[in-house]
Each structure stands twice: as structure tokens, then as C-alpha cells.
Amino acid sequence: MPAKGKHRRPKHHPITRKLALAGTGGAALTLPLISATTAGAVPTTATTTTTAATAATATTAANVVTAAAKTYSVVAGDTLSEIAADHSVSGGWQQLYAANRSVIGDNPSIIRPGIKLQLGTEAETARASRSTARTALAAAAKPAAKPAAKPATAYPNNLDGWIRESLDVMAKHGIPGSYNGIHRNVMRESSGNPMAINNWDINAQNGIPSKGLLQVIDPTFRAYHVPGTSQNSYDPVANITAACNYAAARYGSIDNVNGPY
């Protein structure tokens, strides 16, 4: 940054730029015409002749090229990227710097307050605005992204997890029952052993022993099996859910069962 102190104000020579459109038929060439006025300038016949000769062409160009150049006066704190974004400069700050390097200098990070930057033409700005609008419309037209699927609940592989998973399945199928009601009956029937089997009672004598956490015989398991659970009667979740479905049909709920059922 410049040190504090007095600075000499740089002299600026007023420069007027005009665009002349010259050409024949369908081909045209845009020619920059620069007219400078200084304290030591001496008008010449050649200059006067050139100005008169191009007056008609300049008038025609004014009718054809209607997009006027737009400028911006830099203020303290400005950056090229902010200016380019605020004014929708096509090509961003790089294009803005390239078009104004002669007044900015070799370092695009340093721009002096007070300098005038060429932002492009009104036509270019309009095109940039239309492009931005089209992008916004295209984004609005896209269907909203679907919400991510809810991750599946992870249940621990123990009695607590088996009961909780069974309760979730039962809730989906409208089967009544509570955690405490299931837990109480499981502890009485199998002590929480999913592989428990009764090989001595009347069911065992008839060849259909009671199995699993809630000691369900195979015919009852098949009759009250709940879709979405395993077909294996030893499976903890399938066994609990089928038993609760049976208890709901016969006793109203597994909560109402307090002994052999």
C-alpha cells in the first residue's frame, strides 16, 4: 500500500472514443476512432478532412450499434471479483481485468479508487442477465430432490432387541402387546433361550413340541405367522410376533397371558 503523505495528482488527458462501422455488402469492420485534445495539439487539414469524411459513417454506426459502453468508478474496498459479480460481467473478473489492464496495471489485486473500468456493453449485460434468468428458471423447473430414505433401525441381537423389533412389526400389523407383557411371558416359557424346546409335554408326545422364546407349536406358528418375518419358528422375532398374534386372537393381547396358553 502507498505510504501516507502528499501525492501528486496525475494528469489525465481527455480521450473521446467513437466506434465507426465501415464495410461493404454484408461484411463490416469496426474501427476505433480516437480523438485527443491537449494543450499543445494543433488542428491540421488532414485531421479536419478525416473527421468530416467519417461523420456520415459514425452517424450510421450510431443507428446500427445501439449498445453503449458501461463504466464503473472504483471506490475504496472494491475488488475485481466483487465488481464483476455485481454487474454480471461476462467472463468474470478475469475478463474485466483483461479489458482494463491498461488502467489497472500488472497486479489485478490492486485497483485504485477513482479509476473507471469498462464493464462491457449494455447488450452484453443484458445477455448475461438473460443467461442468469434462464439458469434460475431451469433450476426451478427441476423436480425437488427426494428426501433420503430413513435408515433402517438397528436392533441388538439379544432379548431386548428381539422384543423391540417384534413390537415394531406388531405395530405395523395392528397386533396389541407391550414390552413388559412379552418379556414376562418369555422369561416364564423359555428363560430367554430362543432355541428352547419342550420334549416332554402332551404336544411333544403328539410330535409337535413347543419351540422358541414363547414356546409355540409348529401348527400355531404357521397359522399365526406374520408376513415379513422368518418362516423359521426358532427365529426370535418371528416366534414372538406369531405368539403375540395368536394371543391377541385368543386372549385379546399377550399382556393378558399370565400362565400356560
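Start by selecting Ser210 in this predicted model. Ser210 sits in the loop between H7 and H8. Which residues does Ser210 touch, once its neighbours within four places in sequence are left aside? Show Ala196, Ile197, Asn198, Asp201, Asn203, Gln215, Val216 and Ile217, and you have its contacts. Ser210 counts as buried because its relative accessible area is 7%, and the cut-off for buried is under 20%.

**Two of its contacts: Asp201 and Gln215**

Keep that view and click on Asp201, which is one of the contacts of Ser210. Asp201 belongs to the loop between helix H6 (179-189) and helix H7 (202-205). Here is a charged residue to think about: Asp201 is buried, yet it has no salt bridge. Where is the nearest side chain of opposite charge to Asp201? Select Arg188 to find it, 12 Å away. Side chains of opposite charge can pair when their charged atoms come close. For a salt bridge, the nitrogen and oxygen must be within 4 Å. Now look at what the side chain of Asp201 does reach: the backbone nitrogen of Asn203, at 3.2 Å. Asn203 is also among the contacts of Ser210.

Next, move to Gln215, another contact of Ser210. Gln215 lies in the loop between H7 and helix H8 (218-224). Have a look at its backbone: phi is near 50°, a positive value in a residue other than glycine. Is Gln215 buried or exposed? Its relative accessible area is 13%, so Gln215 is buried.

**Over to Arg188 and Glu189**

You have already met Arg188 as the nearest side chain of opposite charge to Asp201. Select Arg188 again and add Glu189, because these two side chains meet in a salt bridge, with N and O 3.0 Å apart. Arg188 is partly exposed at 34% relative accessibility, and Glu189 is partly exposed at 23%.

**Helix H5: a pair one turn apart**

Now jump to helix H5, residues 159-172, and show Asp160 and Arg164. The two are four residues apart, about one turn of the helix. They form a salt bridge whose closest N and O atoms are 3.0 Å apart. Asp160 is partly exposed, with a relative accessible area of 28%, and Arg164 is partly exposed too, at 44%.

**Helix H3: look for the kink**

Select residues 92-104, which make up helix H3. A straight helix of 13 residues would span 18 Å, but H3 spans only 16 Å between its end C-alpha atoms. Where is the kink in H3 centred? Click on Ala98: the kink there is about 50°. Then colour the buried residues of H3, which are Leu96, Tyr97, Asn100 and Ile104.

Step just past the end of H3 to Gly105, where phi is positive, at about 105°. From here, show Arg101 and Asp106, whose side chains meet in a salt bridge at 3.4 Å from N to O. Arg101 is partly exposed, with a relative accessible area of 44%, whereas Asp106 counts as exposed at 67%.

Going the other way along the chain, pick Ser88 in the loop between helix H2 (80-86) and H3. Ser88 is not a glycine, although its phi is positive, at about 50°. Its relative accessible area is 28%, so Ser88 is partly exposed.

**Leu80 and its contacts**

Continue to Leu80 in helix H2. Leu80 is buried, with a relative accessible area of 4%. Which residues does Leu80 contact, leaving aside its neighbours within four places in sequence? Show Trp93, Leu96, Tyr97, Ile104, Pro108, Ile111 and Leu117. Leu96, Tyr97 and Ile104 should be familiar, as they are among the buried residues of H3. Try the distance tool on Leu80 and Trp93: these residues are 13 apart along the chain, yet their C-alpha atoms are separated by 5.3 Å.

**Zoom out**

Finish with the whole protein chain, which has nine helices and four strands. Starting at the N terminus, trace the order β-β-α-β-α-α-β-α-α-α-α-α-α. The chain has 261 residues, and 27% of them count as buried. Among contacts with a separation of 6 or more, 48% link residues 24 or more positions apart. Across the whole structure there are four salt bridges, including the pair Arg101 and Asp106 that you visited beside H3.

Definitions and conventions. Residues numbered from 1 in each chain as written. Predicted model: local features only at pLDDT ≥ 70, side-chain atom pairs only at ≥ 80, totals over all residues. Heavy atoms only, no water. Expected span 1.5 Å × (residues − 1). Bend = angle between axes of the 7 residues up to and from the residue. Buried < 20%, exposed > 50% of the residue type's maximum accessible area, 1.4 Å probe, protein only. Lys, Arg positive; Asp, Glu negative; His and termini not counted. Polar contact = N/O pair within 3.5 Å; in protein donor to acceptor, adjacent residues only side chain to side chain. Contact = heavy atoms within 4.5 Å.
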